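Q: Could you take me through the aromatic side of this one? I'd like a close look at a single spot.

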Amino acid sequence: LALRPDLLQKFLALIHFRNAVERLYFYRDALEMIAARPVFGWGGGGWQEAYRAFQHYLYNSTQVHGYYFQVGVEAGIIGLLVIGGIWAAFLVKAHSLYQGAKNNPDRRLLVWTLTVAALSVAVHSAVDFNLSLSALALVLFAIFGIVNGLKPAGEGQAEGPQVKPKKKRKQELKAGPLVAVSALTLILALGGLSLAVAGNYAFNADSALRGNNLEKGLRDLQRARQFNPFNSEYDAMLARIYQAQQQGEQAVKTASAAVAKSKYSAARHAELASAYQSTGDFEKAVLHARKAVSLAPFQVHWYENLSRACFVSGYMMLNDKQPAMAKPFFEQAAAVPKEIGDRMAGVTPKERELWVVAPLMDVTPSIAINTGGALCFLGRFDEADERLGAAFEAIEKDGIDDQEKEMYSECCLWLAFAADRQGNGAMKLEYLAKGKSAVPELEEWYKHVAELPVIE
């Protein structure tokens, strides 16, 4: 590129064109969000919280990249009217000052310069999030204040003889407004201090949890939640600790509180699904795992979570000798690859071209293993072999690292189970040997699995 500046310019032009096209998709999704909540919007941070439920392909953006779209999403039509009123008042004032200074070129230049500066920020804000940057927003507000503070030309210059103004009496301050302003200032200061203390406790809790000190982490998180009861992350972390301590009911209660504070977070629903599963409430576990998928339909790990929740729920019901109740869960696990295919079928070629933050969504080895295990228990062994075989090859292809050993071992387990039920004893032993090489405890697990029935 250094030797060919023309190629560099073409490359930069391509990047800018792609960014421009991508922002049009952001605006389309923002308009859909505005249509869903048109009057008051989604509240502060609403775009970041819920945009994945509205996106038509996978992209990552914490901002709409358009200030007025962002206001529309977060504050609705009411917010847009307020912003429009502020700009209208500014422009009327600036126009009045400019027209009133016909005989004063310097004053006209000042008003013109301030107006152009404000409008340049306003126009650029339509295609970017620069007013979300506090420094630039303060500059714009300062311009508004300067223009509003300018007096019309000639104002205060009385005609005729100058009259000495009467000396005004010193007015006493009223106690009511003073107390109100002081109280509001104190509340804001204490609120900021409370958030800072909560953040400090949360930091200490995170450090404790990294050191496997659950008790200290639990105490610090509880204090963090007391000082900032609005942050769902604190509840989510507490739920994970309760679950690790096998306090299932407390985990469900705390994870539910996190979902109530962050209803459009796929992660919060997935955590609640895990908490429900730890208590044996499999229906609600799958319900919230599916909710996580609906809130972020282009992130494949939520499909992995859903397939796992469905498979484990079916496995536990089958282990509890309730095959009729296990079957619907296995069927849902087996259907996850089709759900992915149906979702991707709605992605246009242009959207696939813009999809660059991750590979195009497809069935991963994790999903294939959960699906394959479910198909085994449903007696659909040909389909199970196809899914599990693909996962087996994908894992072995680049070598099995430490993080993949358990997944590889489970894949071998279900392949061995399927081979055994189809009368292929030699293949069963081969897969068991490979699985044991990764996880030696596989043989004991297989002895238990082999006793489970296949649902006819």
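How many aromatic pairs does a search of the whole structure find, and what does the pair F311 and Y315 look like up close?

A: Bear in mind that this is a predicted model. Searching the whole structure turns up 28 aromatic pairs. Take F311 and Y315: their ring centres are 6.2 Å apart and the planes meet at 35°, and since stacked needs under 30 degrees and edge-to-face over 60, this pair counts as tilted. Both residues belong to helix α12 (residues 300-319), and because they are 4 residues apart there, about one helical turn separates them. Both are buried, too.

F311 has another partner, W414, and here the geometry is edge-to-face, with 5.4 Å from centre to centre and 80° between the planes. This contact reaches across the sequence: F311 sits in helix α12 while W414 sits in helix α17 (residues 405-421), so the pair ties together parts that are 103 residues apart in sequence. As for burial, the cut-off is under 20% relative accessible area. F311 comes in at 3%, so it counts as buried, and W414 is at 0%, so it is buried as well.

Zoom out a bit and you get a cluster: ring pairs link F311, Y315 and W414 with F330, F377, F417 and W445.

If you also care about charges over rings, there are a couple to look at. R37 puts its charged end over the ring of W42, 4.0 Å from the ring's centre. R108 lies over the face of Y98, with 4.0 Å to the ring centre.

Conventions: Residues are numbered from 1 along each chain as its sequence is written. This is a predicted model: local features need pLDDT of at least 70, side-chain atom pairs count only at pLDDT 80 or more; totals for chains, interfaces and linings use all residues. Side-chain values use heavy atoms; hydrogens and water are left out. Rings of Phe, Tyr and Trp (its six-membered ring) pair if their centres lie within 6.5 Å; planes under 30 degrees apart count as stacked, over 60 as edge-to-face and the rest as tilted. Helices (H or I, at least four residues) and strands (E, at least two) are DSSP runs, numbered from the N terminus. Buried means under 20% relative accessible area, exposed over 50%, partly exposed in between (1.4 Å probe, protein chains only). A charge sits over a ring if NZ of Lys or CZ of Arg is within 6 Å of the ring centre and within 35 degrees of the ring normal.
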